[in-house]
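This report goes through one protein model and its ligand. The surroundings of the ligand come before the strands, the aromatic rings and some single residues.

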Amino acid sequence: MAAHYDLFVIGGGINGCGIARDAAGRGLSVCLAEMGDLGGATSSASTKLFHGGLRYLEFFEFGLVRHALAEREILLRAMPHISWPMRFVLPLSPEMRFDSATPTSRLLGAVMPWLKGRRPDWLIRLGLFLYDHLGGRKILPGTKTLQLPGTPEGAALQDRFTKAYEYSDCWVEDARLVVLNARDAEARGARILTRAKVIAARRVGDHWQITLERDGISEMVEARALVNAAGPWVADVVQGVIGQNSRETVRLVRGSHIVVPRIAEHDKAYFLQGRDGRIIFAIPYETNFTLIGTTDADHHGDAHSAVCTDGERDYLIAFANQYLKVPITQADVVWTYSGVRPLYDDGAASATAATRDYVLSLDESGPVLLNIFGGKITTYRKLAEDAWDKLSPHFPGRHGHWTAGVALPGGDFPVDGVVRLTGDLRARYPFLTQNWAARLIRAYGTEAPLILGEAQSAADLGRDFGASLTEAELRWLMTCEYARTAEDVIWRRSKLGLRLGPEQIAEIDAFMAMA
Ligand SMILES: Cc1cc2nc3c(=O)[nH]c(=O)nc-3n(C[C@H](O)[C@H](O)[C@H](O)COP(=O)(O)OP(=O)(O)OC[C@H]3O[C@@H](n4cnc5c(N)ncnc54)[C@H](O)[C@@H]3O)c2cc1C
């Protein structure tokens, strides 16, 4: 007999996993199917910021920015291991231009034509004032002005940049965020299936009949409600899997990043404005590197085919070099990645201008269906609550919103507790180096000792795969975090791919295949 669930979720990105966790915590029986690895698509390819999105203010997206700003501290408190506050340095330059398509630039062009498309200093300060006050802040410090000469922040920049604003947002390990939501959903009773592709979903009487394929085996399950959180494939699922025609479409907008050796000797990020009106970030990354991105290009074809093109790489290099004292070159690029934003198609003229807000589309023409369009990593928790508000009439008597203030696995410690936790871990396991302990706390928080167990020495943790990845950690990732291949481990559960060579990666794959 087919297993029967209250809710079936298609897609193990941040939105699917967030919805599964939220619903499981309300006592619903939930099943989630992800056709690849959790977070294997867009949700591991983001810029990795919990942010309000300063640039969206120019598009008058005040609602999106306010909600996202308010979320930052809620999320930070729930996961102080995988997210942390970050300061952003925004160097001022009179050469930088507006994107002429933004409502702000059109308005300014009409009332102050002499500015000729320039984004004036006072407008940026006004934007940052709104950014500081729209969403409420308790933990994150507000904006301040920096005189760059003689400062570490100024040292990486060309001498012509003398003044900057510095403001707050937060960093998040996006792929780990997905997995922790899935784990928490499972701990609350959800069934999480990876490498499980949903190939058909049909309404049969009062429920959905869903067919999935897992490791070549087909399985049929039933559910009262269906959530389509397939990200870039949301429209393919509506048409190909559910067999419906829909007027709602998704706009696929590719964004690519490059990683280079670190460009600055401090832990702040740069917010860089371009002459083309776009902005990019240069963010301290994995201790020794800087992450630079992103691009915005309409993407045609399958989302899996998204790669950082040579053109995008060169664009990012040239953009950053408008600011950097020591220019970066193609030879500096150690890694690139690319993802596809599944944006709701609002008919905007350019990819940059397309709305970043989400649209939840409810179909009650039979057993309920909820299609998810768009959304940010930052708004995933709120999106899950809003999804529940849409679904709740079909599940009367469940309790109210609960996820704000509830820690994700390993995140049950204070926001400023990482240093102490790292020290405690080293005291208990003296064989750990500082970097190793810090990496474990940043990945697993208070759960790190569960991996290390009773180990007295590194040898007790089994095989050493390099870059401090041991057999004990690998087994944890396989048994508790759904990892099946080396790629899952080195590019999503961690970023150890930046430090491991091809032979070491092959050894991890071989070990995982045998285990
Ligand atoms: C370049 C870039 C930078 C970004 N930066 C930020 C940022 O800094 N901050 C921020 O808040 N947001 C950012 N975003 C936005 C954010 O990453 C996305 O909105 C979010 O990850 C979308 O999550 P999702 O779960 O909807 O989609 P996905 O993560 O793509 O998940 C959808 C999943 O559905 C699965 N799936 C599809 N079809 C099926 C099927 N038939 N059966 C089973 N599974 C299926 C896919 O395999 C996929 O894993 C960025 C996005 C991009 C591309």
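A polar contact is a pair of N or O atoms within 3.5 Å. The model discussed here is predicted.

**The ligand and its shell**

Lys376 meets this cut-off with its side chain: one of its polar atoms lies 3.4 Å from a nitrogen atom of the ligand. Two further contacts involve the backbone of the protein. A polar backbone atom of Val198 is 3.0 Å from a nitrogen atom of the ligand, and a backbone N or O atom of Ile377 lies 2.9 Å from an oxygen atom of the ligand. The three contacts are listed below.

| Residue | Part of the residue | Ligand atom | Distance |
|---|---|---|---|
| Val198 | polar backbone atom | nitrogen | 3.0 Å |
| Lys376 | polar side-chain atom | nitrogen | 3.4 Å |
| Ile377 | backbone N or O atom | oxygen | 2.9 Å |

How much of the ligand's accessible area does the protein cover? On its own the ligand has 1,000 Å² of accessible area, and the protein covers 97% of it. Four elements give two or more residues to the shell around the ligand: helix H1 (14–24), strand S8 (196–204), strand S11 (250–261) and strand S16 (335–344). There are 36 residues around the ligand, and those that come nearest are Glu34, Ser43, Leu49, Gly375 and Thr378. By residue type, the shell divides into 15 nonpolar, 16 polar and five charged residues.

**Strands and their partners**

Two of the strands that contribute to the shell, S11 and S16, also pair with each other. Their pairing is antiparallel and runs over ten bridges. Within it, Gly255 stands opposite Gly339 in S16. Strand S16 is mostly covered, with eight of its ten residues buried.

Pro342 is found in strand S16. Is Pro342 buried or exposed? Because its relative accessible area is 12% and buried means under 20%, Pro342 is buried. The C-alpha atom of Pro342 is separated by 21 Å from that of Glu58, and the two residues are 284 residues apart along the chain.

Strand S4 (residues 83–91) is also mostly covered: seven of its nine residues are buried. Strand S4 has two partners to consider here. With strand S6 (residues 163–172) it runs antiparallel, joined by nine bridges; there, Arg87 stands opposite Ser168 in S6. With strand S12 (residues 269–273) it runs parallel, joined by two bridges. The bridge partner of Phe88 in S12 is Ala269.

**Aromatic rings**

Phe88 takes part in ring contacts as well: ring pairs link Phe88, Tyr131, Tyr167, Phe271 and Phe281 into a cluster.

A pair of aromatic rings is described by the distance of the centres and the angle of the planes. The rings of Phe, Tyr and Trp pair if their centres lie within 6.5 Å, and by this rule the model has 17 aromatic pairs. One of them joins Phe431 and Trp436 edge-to-face, at 6.0 Å centre to centre and 65° between the planes. Both of these residues are buried.

Another edge-to-face pair is formed by Phe465 and Phe511, with 5.3 Å centre to centre and 70° between the planes. The pair links distant parts of the chain, since its residues are 46 residues apart: Phe465 is in the loop between helix H12 (448–452) and helix H13 (471–480), and Phe511 is in helix H15 (residues 502–514). Phe465 has a relative accessible area of 3%, so it is buried. Phe511 is buried too, with a relative accessible area of 10%.

**Single residues in loops and strands**

The loop between H12 and H13 also holds Ala467. Phi of Ala467 is near 55°, a positive value in a residue other than glycine. At 30% relative accessibility, Ala467 counts as partly exposed.

Arg195 likewise has a positive phi without being glycine, with a value near 50°. Arg195 lies in the loop between strand S7 (191–193) and S8.

Which peptide bond is cis, with omega near 20°? The bond from Gly293 to Thr294 is. Thr294 has its place in the loop between strand S14 (289–293) and strand S15 (297–298).

Leu226 is found in strand S10 (residues 217–228). Its relative accessibility is 0%, and Leu226 therefore counts as buried. The C-alpha atoms of Leu226 and Pro367 are separated by 8.0 Å, although these residues are 141 residues apart along the chain.

Note on methods
Residues are numbered from 1 along each chain as its sequence is written. This is a predicted model: local features need pLDDT of at least 70, side-chain atom pairs count only at pLDDT 80 or more; totals for chains, interfaces and linings use all residues. Side-chain values use heavy atoms; hydrogens and water are left out. A residue is near a molecule or strand if one of its heavy atoms lies within 4 Å of it. A polar contact is a pair of N or O atoms within 3.5 Å; within protein, one must be able to donate a hydrogen and the other to accept it, and residues adjacent in sequence count only if both atoms are side-chain atoms. Accessible areas come from the Shrake-Rupley method with a 1.4 Å probe; for residues, only the protein chains shown count as cover. Ala, Val, Leu, Ile, Met, Phe, Trp, Tyr, Cys and Pro count as nonpolar, Asp, Glu, Lys and Arg as charged, and the others, Gly among them, as polar. Buried means under 20% relative accessible area, exposed over 50%, partly exposed in between (1.4 Å probe, protein chains only). Two strands pair if DSSP finds at least two bridges between them. Rings of Phe, Tyr and Trp (its six-membered ring) pair if their centres lie within 6.5 Å; planes under 30 degrees apart count as stacked, over 60 as edge-to-face and the rest as tilted.
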